[in-house]
Amino acid sequence: MCSNTNTTETQSATISSSFGKNLKITIFGGSHEPHIGVSIQGLPEGITIDFHKMNQFLSRRAPGNSIFATPRKEADTPIVQSGLVDGKTTLEPLTLIIENTNTRSGDYTALRDIPRPAHADYTASVKYDGSVNMSGGGPFSARMTAPLCIAGAIALQLLEDWGISIGAHIYSIGHVKDTPFDPVMVSSSDFIPLRESSFPVLDESKGYLMGDLIQRAMAEGDSVGGMIECCAVGVPVGIGGPMYDGIEGHLSQIFFGIPAVKGVEFGNGFECTTLYGSQNNDAFFMDGNTVKTVTNNHGGILGGISSGMPLICRLAFKPTPSISKEQNSVSLTNKTNEKLIITGRHDPCVVIRAVPVVEAAMAVGLLDLLLGN
Ligand SMILES: Cc1cc2nc3c(=O)[nH]c(=O)nc-3n(C[C@H](O)[C@H](O)[C@H](O)COP(=O)(O)O)c2cc1C
């Protein structure tokens, strides 16, 4: 325990918010700070960024756009601070910010003493001892995924120029499952309707069932979790490497930086444990001069290295911690058991707004690997 940290200990407990080697992103700010932002190092010089596309991408994540999202409405307009001259990138880090305009810190005052079960209030209060502004969830807030989406929008643009396309859909909410991507035949055209949908599923009838489930949870003052399936097509053979340079480890690092992610699987994931080797192995065949596999249980990754088949993964998200149902907690100052009723504006299910966040994370992770290849 370090609740009585001295200055030296507190200083050493800095928050790491950087990811990547060749494309290094650093996310800064907080949910109820004046702004949040991202600094991106390692972008090629002289590229033009399509801000119209970036804004479209950010609006998919922005709050206040659906009945299933927190009503906190933010414009989420990125403002360039440095690294762009005449609309083109320079060799300096590209830094962009988003102003926070709709903060209601009063909603969070009580949570400093009575931590929300399943949120970061308790662990952060012990670790940072009040030296981090936790209002609105501070650096643990999902608001920090907006700067990730700025970096992701830029990475997606570069990847598209290189023939790599990324798309994602809501794979499940509770026990209701969407149709999965076809792991062999999935193509970039499958992603277009998903990007245009406020509830991106492949089977709309399943989408309605998922919506019902979320609404029932909302009516009970409760929340639900679910999974997102994400896919990249056009990834060339040979990206990644063995052991700690593998694609799975690299992408998992950025995926687990997304709040509420509790599991990541690649290819057929945990399902492979139920198969014989003869069923799980993906047979090779020649398609002209290209080596392909008949099935794609390996999700486009063998030995940490891309195989050229569609790269497929799924992320599990827990139910939103902040629910309005009464819960048991404690008073950290009085050391007593307490009842907690959370007010404020929260997503009844984080999965819907997290779809573009997962695409952004995969884009940044893959571009980082590609730039080092
Ligand atoms: C897009 C998105 C929106 C979220 N919205 C909320 C929210 O409204 N309320 C909340 O309590 N948690 C929300 N979360 C989850 C919390 O930020 C997260 O559970 C918390 O920081 C604790 O981290 P952990 O779940 O990774 O352990 C959201 C997460 C994401 C990805």
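## Overall picture

Helices here are DSSP runs of H or I with at least four residues, and strands are runs of E with at least two, both numbered from the N terminus. On that basis, the protein chain of this predicted model comes to nine helices and 18 strands. Its radius of gyration is 21 Å, close to the 21 Å that the globule rule gives for 373 residues, so the chain is as compact as a globular protein of that length.

If you want a box for it, the C-alpha atoms fill roughly 70 × 50 × 40 Å along the principal axes. Buried residues make up 42% of the 373 residues in the chain. As for contacts with a separation of 6 or more, 74% of them link residues 24 or more positions apart.

## The sheet from β1 to β7

One open sheet has five strands in the order β1-β2-β3-β7-β4, with antiparallel pairing. At its edges stand β1 (18–19) and β4 (78–82); each has a single partner strand, so one side of each is left without a neighbour in the sheet.

Let's zoom in on one of those edges. Strand β4 runs antiparallel to β7 (residues 94–99), and four bridges join the two. To find the pairing by eye, start from P78, whose bridge partner in β7 is I98.

## The sheet with β10 and β16

Another open sheet of five strands follows the order β9-β8-β10-β16-β11, and here too the pairing is antiparallel. Its edge strands are β9 (176–177) and β11, each of which pairs on one side only. Helix α9 packs on this sheet, where it touches β8 (165–173), β10 and β16; the direction of α9 makes about 145° with that of β8.

Inside the sheet, β10 (residues 226–233) and β16 (residues 311–317) pair in the antiparallel sense over seven bridges. A handy landmark is C230, which stands opposite C313 in β16. As general background, side chains in a regular strand alternate between the two faces of the sheet.

## I173 and its surroundings

Strand β8 also holds I173. Is I173 buried or exposed? It is buried, because 28 other C-beta atoms lie within 10 Å and the cut-off for buried is 20 or more.

Which residues does I173 touch, leaving aside its neighbours within four places in sequence? The contacts are M210, L213, I214, V224, G226, C349 and V351. One of these, G226, belongs to the residue range of β10, while V351 belongs to that of α9. For a sense of scale, I173 and T101 are 72 residues apart in sequence and 31 Å apart in space, C-alpha to C-alpha.

## Helix α9, α2 and the ligand

Besides lying on the sheet, α9 has a helix for company. Helix α2 (residues 51–61) packs with α9 at an angle of about 145°, and their axes are 7 Å apart. On the α2 side, F57, R60 and R61 take part, and they meet R353, P356 and V357 in α9. By class, the residues of this contact are three nonpolar, no polar and three charged.

Helix α9 (residues 351–371) turns up at the ligand as well: it supplies three residues, the largest share of the surrounding shell. There are 21 residues around the ligand, and A142, P259, S322, H346 and V350 come nearest. The shell has 10 nonpolar, eight polar and three charged residues.

## A hairpin and two odd phi angles

Strands β17 (residues 327–331) and β18 pair in the antiparallel sense over five bridges, and S331 has T336 in β18 as its bridge partner. The two strands form a hairpin with four residues between them. Strand β18 (residues 336–340) is hardly covered: none of its five residues counts as buried.

K335 sits in the loop between β17 and β18 and has a positive phi of about 55° although it is not a glycine. It is exposed, because just 7 other C-beta atoms lie within 10 Å and the cut-off for exposed is 12 or fewer.

The other case is A260, again not a glycine, with a positive phi of about 80°. You'll find A260 in the loop between α7 (247–255) and β11 (261–266). With 19 C-beta neighbours inside 10 Å, A260 counts as partly exposed.

Technical notes
Residues numbered from 1 in each chain as written. Near = placed C-beta within 6 Å. Nonpolar A, V, L, I, M, F, W, Y, C, P; charged D, E, K, R; others polar. Pairing = 2+ DSSP bridges. Axes fitted to C-alpha atoms, helices over the stretch in contact; angles between N-to-C directions. Contact = placed C-beta atoms within 7 Å. Rg over C-alpha atoms; globule rule 2.2 N^0.38 Å.
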